[in-house]
Every structure is written in C-alpha cells, then in structure tokens.
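Biologist: I have just opened this one and could use a guide. Could you walk me through it?

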Amino acid sequence: MHYIFEPGFFTSGPVHVALGVGTVIAITSAVVGVFTVIRGQSFAGHSLADISTTGGSGAFLVGINQFWGYLAFGAGAAAFMEMIGVQRRRGRDVATGVVLGAALGLAALFLYLDTQSSSTTGVSFTVLFGSMFVLTPSTVPALIVSALLALATVVVLARVLLLSSLSTDIAAARGVPVRAVGAAYLMALAVSVALSAVIIGSVLSTALLIGPAATALRLARSPVRAMATAAGIGVAAIWVGVVLAYDSYYWPPAGRGWPVSFFVVTLVVGGYLVAYLRPRPSRAAAAAQEILDTEQACSAA
Amino acid sequence: MTLPPVDELVRLDGIGVRLGGREILRDVSLTIRPGEFTGLIGPNGAGKTTLLRVILGLQQVTTGSVLINGAPRAPRDATIGYVPQKLAIEPDMPLRVRDVVSLGLDGHKFGFRLPSRARREAVSDMLTAVGAQQYADARVGELSGGEQQRVMIAHALISRPRLLLLDEPLANLDISSEQGIVSVLGRLARAEGIAVLLSAHDMNPLMPVMDRIVYVAAGRVAVGSTEEVVQPQVLSHLYGRHVDVIRVHGRILVVAAAEDDYGDDAEALDAGSEHARVVT
C-alpha cells in the first residue's frame, strides 16, 4: 500500500482539488466525447483545442486565468464554425489551412511574449500541457459549474443529437431545430475542450474527450452504456494519473515530479489500444446471442 | 370533440417550387388516401425528391397549397414517416440497429430516457415485421444497403405513421434485396393500412404492389393508374417531346427518340435495363 500511495498523498490539498475537479471534468469530457465520436466531429473538437491554445496563452498576457482564455476563444471559434459550416468537408479543408494556422501562429506569439514578461518558462508548459496540481482555487467553482452546464446540455439533447447524426432530414421533418441543436452541442463541446485544457493542457485536451469515448464505443454496444463506460475510463485515467504523478516525485530524476498529463494521456491511449486489439464479437455471435435471449424469454414465459 | 373523418392524408393543390430561379415543380396537384401504394416515378432530376420534401415540410412552395390531414402541416406532425435518399451511414457509425429503430419512437424529443422492456419489445417486433430481427444487435454501419433500408423502414414505421415516404429506396440494391424491400412494403401497406409513397426511376419492380402512379417529368406530374398514365400521348405531353411506351417480357420501357438527327436511335427514359440512359 505504502509503495502505491506515497506519504502525504491523502493529506495533500492540491491532490484533493486535482482529484475532485479532475473527476467532474473527466465525466463531462467523456459524455460529450461519445456524441463527438458518433457525430463524427472529432475534427471540430481538435480545431477548438488548437484555437483554445491561443486563448489560453493570450489570457496569461492580460493577467487572467487561462480557463477564461480557453473558454472565450473556444466559444468564439464554435460560433464561427457554425456560421461558415465547418462540418462540411470543403469548409473544413479551408478552415484547417487558414484559420487554425492563423490561430496557432498567434499562440506562438502570445507564448513567446508570456515567457518574456513573466520570466518563467512554466507558462508555455501550463497552457500546452496543463496544470492539475496548481489549479487556482478561485476558478474551481467556475470549472465545476461550466462542466455541469455542458453535461446537462448534452444529456438534454441526447436523443435529438443521435437522430440528427443519423439523418438531418429525418430530424428536421420531425420538427427538430437541427441547426440550433448543432450549435448548442458545439458550444458544449467548446466548454468541454476548455475544461480538459485546464487539467491536461490545450494540445492534449482532445485525448480526454475522444479517447475514453472511442474506447467505450468499442466496448459497450448501447449509447447509454457507452456514456457510462467512457466516464469510468476517463475518471480512472485521471485518478491513476494523479497517483502516478504524485509518486513520480521519487522517480528519477529525483525531486522532479513527472507531468500528470503524460500519465493521463498514456493511460487513455493504452486503454484504447487494449479495446482495439481485443477480439470483437462478430455479427454471427451477436445473432447467436439474440437467439439465446429469445429462447430464454420464451422459456421464462 | 372529434375531428371530422379525413379521407385525404395529403392534398397538393397547384403547387410550384422555384429554386435559385429554376422551376423545379410546376402546377402539381395530387392527393394521397389511406392505404394506397403510390409509385412516384420519373427520371433523375425530374423533381421527385423536391415533391417529397414539400410533403415533409422541408421545402417551401412558391405557389399552391399543401394540406396534411386536411390542415396546414404542423411542425411535429407524426402522420408521416420518412426514409431519405442516400442514407450515407458511414461504416464506422457505432449505433446499433435497435438504437436506430428506437430513435424512430422518440428521437425528436428532448431529455433523457432510460431503456425499458416495453420499448425493447416494441423495437424487436418492428424489426421482425421488416425481416431485420437477425441483425438487431449489429452496428448499422456494418450492414449492406438493403439491410440498412429495412432498418430505416422499421425506424420510420415504429411511430405508427399513416403515410410512409421513401425516396429511391431501391437505388443501388441487387435484385433480391429490391424484391425483398418491395414485398415488405406491400405487405405492411395491406396489413396495417399504411399509405406508401415511394420514389423510383424504374416502375417495373413496383408493378406487383403499386395501386397508383404519379409520373414526374420536367417538373410536372400525371396521376392515375398505370394503364391511364403510362401511355405514349400522356407521357409525350409531360416530357414535351415524342415518347414511346414499349411493353416487352412483362416490363414497361419508356423510350424517347433522340432530339437531334440520329434517326431511329432511341434512349430509354426509365432505367428499365442496365444499358438504358435517362434523358432529362
């Protein structure tokens, strides 16, 4: 026990905050991520993450918490993407080449200016790769409230999101305001990306969004179970990541903990690889299961 | 309070649709009554999809009126089920067949719902009715085109609509899947009294089940029984050029003489055979 939980783990304030906030954000990211994967919008998630980098680095320059930078730029980018219809393939190509390039160029400038003005190299690292153990206590309530809002949005929209990802025409014919639902979902995605960026960094934030969701969709067959599985995987990655990062203080080079983002992302990717390489039940097996279910139902009756 | 009996599910009165300055439909009038199987037949680009979109309320009309159940269409009208053209379900779409069918019940509603036994049984019954029960737990992206059509028909029918619209459901299907879909639709229309309006560029596979034909060409329609509509003079008037109707081996081919001076070269207007070319 002692070798897993190094001394002071359970009494450390930053560890408590990291685990609490990390859990809420991991659940939100995982659930939002399931819809991102089903709707085929991982690209949008990644674009939002790139643009959030610019916001986070800009926030440091003007002296506000980086979360507000991530959020403002992410939400602005989501609104812009909705307007130009970046979901369409051609619009997407143009956006990749022009908008994301411009945003990252600006991020390079902001990060350079950050390091010049604050005389610490930690800023670039915090923006790009997160800062779970040094979360500013005053932003914690805002993080939790934002996470719950994003989560509530996708839960309320769950069925219409699934229907419109199947066919926007069917959804529209049944009275779903497809455009407004898509815009609301993109906003929830932007918030979720901003939150992940706070804990594991803007460039890695899609790992927490897409990784657990993609893994869960390989393991669980129904959307509800996929959401629960994804949340479980996300939370497990955060907790194990935090424990390992805390322990790594005693690993070489001694006295310098490894970044928690490294552990979280590695665990998420490892989980996906295990799910990917696992033999999947074939259609024949599924059909056989269906016959078994039917027989059981019949014999029970 | 009871509503007066309605014997017209859909009534189009002299509708016209212009899109970007182009006239897509002109002076189209037709009615659809409960239990009727109607084939919406015509070459590609004739306006079939636009006509279906008008009935669904997805396309506004420039002129004329559209009545559903005797009233202007309500935004959440459950009278009509819809299977769109070219579903483009990607192979990695992770939803299962039973999830897709379940979305037909309440996919348009906000809020969250936990799975229930009653719903599971309703979905299984619907899948059995369209002959898709053996792949209920497969991912919809893994299915063939014909299997996906059956699933989408189940999706459209599970909310118990009185009219089912299908846009080119037979396109790109092999002959046995094509016959399978037509017989499922014919059976459901008879057994459940559901009206079916199905668009196709080839009328021949529908002959066993079709009660009525709506022939669309050049944005105009001719409505009636196959014998009334598929006549050289009717179709020539519709196309605005000379058209022949050839009945051969129990199949009907609609053939037009080429407009330029190629003498007796002819092109089929219905894709009645692999080699037929469609003239629009």
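Modeller: Helix α1 (residues 48–56) of chain B lies across β3 (37–41), β5, β6 (163–167), β7 (195–200) and β8 of chain B, and runs at about 150° to β6(B). Helices (H or I, at least four residues) and strands (E, at least two) are DSSP runs numbered from the N terminus, and angles run from 0 to 180 degrees between N-to-C directions of axes fitted to C-alpha atoms, for helices over the stretch in contact. This is a predicted model, in which local features need pLDDT of at least 70 and side-chain atom pairs count only at pLDDT 80 or more, while totals for chains, interfaces and linings use all residues. Residues are numbered from 1 along each chain as its sequence is written, with chains lettered from A and ligands numbered from 1 in the order in which they are written.

Biologist: And which helix touches β5 and β6 of chain B as it packs on the sheet?

Modeller: That is helix α4 (residues 145–157) of chain B, whose direction makes about 160° with that of β5(B).

Biologist: What's the strand order in the sheet?

Modeller: The open sheet of chain B has six strands in the order β5-β6-β7-β3-β8-β9, with mixed pairing, where two strands pair if DSSP finds at least two bridges between them. Its edge strands, each pairing on one side only, are β5 (80–83) and β9 (220–224) of chain B.

Biologist: New topic: how many residues of chain B are in contact with chain A?

Modeller: 29 residues of chain B are in contact with 30 of chain A, contact meaning that C-beta atoms, placed from the backbone, lie within 7 Å. Helix α2 (residues 97–106) of chain B gives the most to chain B's side, with four residues.

Technical notes
Contact = placed C-beta atoms within 7 Å.
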